[in-house]
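Student: Please pick one part of this model and give me a close look at it. I'd like the cut-offs spelled out as you go.

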Amino acid sequence: MTLRDKKLAYRIYLYLGALFITSLVVSNLIFQKFFYWNPFGDVQVFGVSLFEVSVGILPYPITFLITDLISEIYGRKKANQIVTAGIFASFFSMGIVLVAEMAPAIPSSPIDDAIFTQVFALSPIAVLASMIAYLLAQYVDIALYHFWKRLTQGKHLWFRNNFSTFLSQFIDTFTVVGLLCVFKVLPWDIFFGLVVSGFLFKVLIAFLDTPLLYLFVYILRKRFGLPVGAEIKLEI
């Protein structure tokens, strides 16, 4: 690989990292709004409408798509580095939110203290729950992805993409909803409904993002002349 190609590969890695961190931080900031997506009619699961989920779930699957893409093209080490950077960025953003909450609003402020607190007051608790779940899920996802990659000798991209994501998304959903119930942010009577609804939503998204993964992997492999299963080693 030429020096020019290495610089391009590194820039792409940085841009993917930026998209990953942005998606993660935004999902933590907007999580308190819930919506109901109704593709199959009014289906109830343990007393909760199917796909009654937080808007924070919308950018979250993007993070798993990006870590799978980085894992495929750049390897396990670089994927783990992005995950670690995402954790740091999330806690840092919550620190900024806490400082902003302590600053008193002036009388002419469009958003007063009460509204600001109502929107962001639960963020530290939720982010703690989200980060514990996220840490478990992302590292499990990356480890499983590379396990299946070795086992299939770099073939069957759809298999490792989906089956690594399925287990990791279940761990994420179960853990974050459980911790939010423990912290009394959510009531226990909707625990199973939210777990099943959130997990099924993420599984559906995982299926839908598989063609995108194939497209991006194809583009990057062709651009850098990578054989199936080969990875770019960034020495930076």
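Tutor: Let's settle one term before anything else: a residue is buried when its relative accessible area is under 20%, exposed when over 50%, and partly exposed in between, using a 1.4 Å probe and protein chains only. This is a predicted model, so to speak of local features we need pLDDT of at least 70, and side-chain atom pairs count only at pLDDT 80 or more, while totals for chains, interfaces and linings use all residues. Residues are numbered from 1 along each chain as its sequence is written, and side-chain values use heavy atoms, with hydrogens and water left out.

Start with Asp5, which is found in helix 1 (helices are DSSP runs of H or I, at least four residues, numbered from the N terminus). Asp5 counts as buried because its relative accessible area is 16%. Setting aside neighbours within four places in sequence, Asp5 is in contact with Arg223 and Phe224 (contact means heavy atoms within 4.5 Å). Asp5 and Val228 are 223 residues apart in sequence, with 18 Å from C-alpha to C-alpha.

Now to the core. The largest nonpolar core (buried Ala, Val, Leu, Ile, Met, Phe, Trp, Tyr and Cys residues joined through side-chain atoms within 4.5 Å) has 30 residues. Those with the most contacts inside this core are Phe20, Leu69, Ile70, Ile73, Tyr74, Tyr134 and Ile232. At least two residues of this core come from each of helix 1 (3-29), helix 2 (60-74), helix 3 (76-102), helix 5 (123-151) and helix 7 (191-224). Helix 2 gives the most, with 8 residues. Leu69 touches Leu16, Leu213, Phe216, Val217 and Leu220, if you skip residues up to four places away in sequence. Apart from this core lies another one of 10 residues, including Val177, Leu180, Cys181 and Phe191.

Stay with helix 2 and look at its packing against helix 3. The axes of helix 2 and helix 3 come within 7 Å and cross at roughly 150°; axes here are lines fitted to C-alpha atoms, over the stretch in contact for helices, with angles from 0 to 180 degrees between N-to-C directions. That makes helix 2 and helix 3 roughly antiparallel to each other, because angles over 145 degrees get that label, while under 35 counts as roughly parallel, 65 to 115 as roughly perpendicular and the rest as oblique. On the helix 2 side the contact is made by Thr67, Ile70, Ser71 and Tyr74, and on the helix 3 side by Lys78, Ala79, Ile82 and Val83. By class, the residues of this contact divide into 5 nonpolar, 2 polar and 1 charged; Ala, Val, Leu, Ile, Met, Phe, Trp, Tyr, Cys and Pro count as nonpolar, Asp, Glu, Lys and Arg as charged, and the others, Gly among them, as polar.

Thr67 turns up again when you look at Gln138. Gln138 sits in helix 5 and is buried, because its relative accessible area is 0%. Leaving out neighbours within four places in sequence, Gln138 is in contact with Phe20, Thr63, Phe64, Thr67 and Val83. The side chains of Gln138 and Thr67 are joined by a polar contact of 3.4 Å; such a contact is a pair of N or O atoms within 3.5 Å where, within protein, one must be able to donate a hydrogen and the other to accept it, and residues adjacent in sequence count only if both atoms are side-chain atoms. Gln138 and Asp68 are 70 residues apart in sequence and 9.9 Å apart, C-alpha to C-alpha.

A few other spots are worth a glance. Asn162, in helix 6 (residues 157-182), is buried at 4% relative accessible area. Asn162 touches Ala206, Phe207 and Thr210, residues up to four places away in sequence not counted. Between helix 5 and helix 6 is the loop with Gln153 and His156. Gln153 has a phi near 55°, a positive value in a residue other than glycine, and His156 likewise has phi near 55°. As for background, most residues other than glycine have a negative phi. Gln153 is exposed at 63% relative accessible area, whereas His156 counts as partly exposed at 47%.

Last comes Asp113, in helix 4 (residues 113-120). Asp113 is partly exposed, with a relative accessible area of 36%. Again without residues up to four places away in sequence, Asp113 touches Ala103, Pro104 and Ala105. A polar atom of the Asp113 side chain lies 3.0 Å from the backbone nitrogen of Ala105.
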